[in-house]
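Reader: I want to go through the charged residues of this model. Please give the reasoning behind each label.

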Amino acid sequence: MAAWRGWRRWWRREPLFGEAEWSTLLARSPLLAGLGDPDRERLRELSAEFLRRQTITPAQGLRLDAGDRLALAAHACLPLLRFGAEGLRGWSQVIVHPGAFRVEQGRHGAPHEMDTLEVVHEGFEDREGESWEHGPMVLSWADLHTEMTEPEPGRQLVIHEMAHKLDALDGLMDGTPPLPRDWQRQWALDFGAAFAALQDELDADPEAETAIDPYAAEAPEEFFAVCSEYHFTAPELLRASYPAVAAHLERFYGAPPTLSLR
Ligand SMILES: [Zn+2]
């Protein structure tokens, strides 16, 4: 028994990647490079935990090397810097397609999708990512790779999907992750008001130039996921548009990385 415990401890501590791989990743990932030292260290531990717990399966002939997998894991763990590895509970699969993937429209048990690109033919649509409530996260590598190496304001697919995973932890995908009761009440009030304001803006003018991606108006859970993308990639814009929401996300995710994106 003691020997088994020892082996288990050794296995858990065996590094899945070394100093060199981690440094290479930081050098090519502006979001990760913009973290303070304590957060970088925490992210490194979370990334190792992610790689231990989640099976990353490339699909359709895609090949992902160890560096690609580490990059995916690290960006997926950005939303867990305060919440912790508990955010990985309830699912164990990440399926990665080379690019946008085609799914049946409105299929039974449809997951929360992101950015429907276009209806390609009747009954089908292309997606960049989706998260099943109790199932896999599905991602497009083309989009993920671009966003990791050259992040743009308001766009970070894997963070969007992780927000859905955190949201679903309490059994209800409704735009509110599990939180202490008082905070959750205030969160629901503030997010609800901001979501309603965005919806009103689009009701008044469907072509309105909204401050954030109008996709956020689709549902409360999409509003939370989209605002999470802005927290990490365009925090000033989020603060200026929805200060109460931005304050909740700073408390939930920690301070955003320092970076200068156009
Ligand atoms: Zn979504």
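Reader: Why is D39 called buried?

Author: This is a predicted model, so every value here is computed from it. D39 has a relative accessibility of 11%. Buried means under 20%. So D39 counts as buried.

Reader: What makes D39 and R82 a salt bridge?

Author: Their closest N and O atoms are 3.1 Å apart. The cut-off is a side-chain nitrogen of Lys or Arg within 4 Å of a carboxyl oxygen of Asp or Glu. The pair therefore meets the definition.

Reader: How do you know that this pair links distant parts of the chain?

Author: Look at where the two residues sit. D39 is in helix α4, residues 37–53. R82 is in the loop between α5 (66–77) and β2 (93–97). They are 43 residues apart. D39 and R82 also belong to a network of salt bridges, together with R42.

Reader: Is R82 buried, partly exposed or exposed, and why?

Author: The relative accessible area of R82 is 40%. Partly exposed lies between the buried limit, under 20%, and the exposed limit, over 50%. So R82 is partly exposed, whereas its partner D39 is buried.

Reader: What makes R89 and E86 a salt bridge?

Author: The closest N and O atoms of R89 and E86 are 2.6 Å apart. That is within 4 Å, so the pair qualifies.

Reader: Why are R89 and E86 called partly exposed?

Author: R89 has a relative accessible area of 41%. For E86 the value is 41%. Neither is under 20% or over 50%, so both are partly exposed.

Reader: Which helix holds R185 and D182, and what makes them a salt bridge?

Author: Both lie in helix α8. They are three residues apart, about one turn of the helix. Their closest N and O atoms are 3.5 Å apart. The limit is 4 Å, so this is a salt bridge.

Reader: Why do R185 and D182 get the labels they have?

Author: R185 has a relative accessible area of 49%. Exposed needs over 50%, so R185 is partly exposed. D182 has 58%, so D182 is exposed.

Reader: How many salt bridges does a search of the whole structure find?

Author: Nine.

Reader: Which residues form the negative surface patch, and why is D203 called exposed?

Author: The patch is formed by D200, E201, D203, D205 and E207. D203 lies in helix α8, residues 181–204. Its relative accessibility is 64%. Exposed means over 50%, so D203 counts as exposed.

Methods. Residues numbered from 1 in each chain as written. Predicted model: local features only at pLDDT ≥ 70, side-chain atom pairs only at ≥ 80, totals over all residues. Heavy atoms only, no water. Patch = residues over 30% accessible without salt bridge, like charges linked within 9 Å, V, L, I, M, F, W, Y side chains within 5 Å. Areas by Shrake-Rupley, 256 points an atom, 1.4 Å probe, with all protein chains shown as cover. Lys, Arg positive; Asp, Glu negative; His and termini not counted. Charge placed at Lys NZ, Arg CZ, Asp CG, Glu CD. Helix = DSSP H or I, 4+ residues; strand = E, 2+ residues; numbered from the N terminus. Buried < 20%, exposed > 50% of the residue type's maximum accessible area, 1.4 Å probe, protein only.
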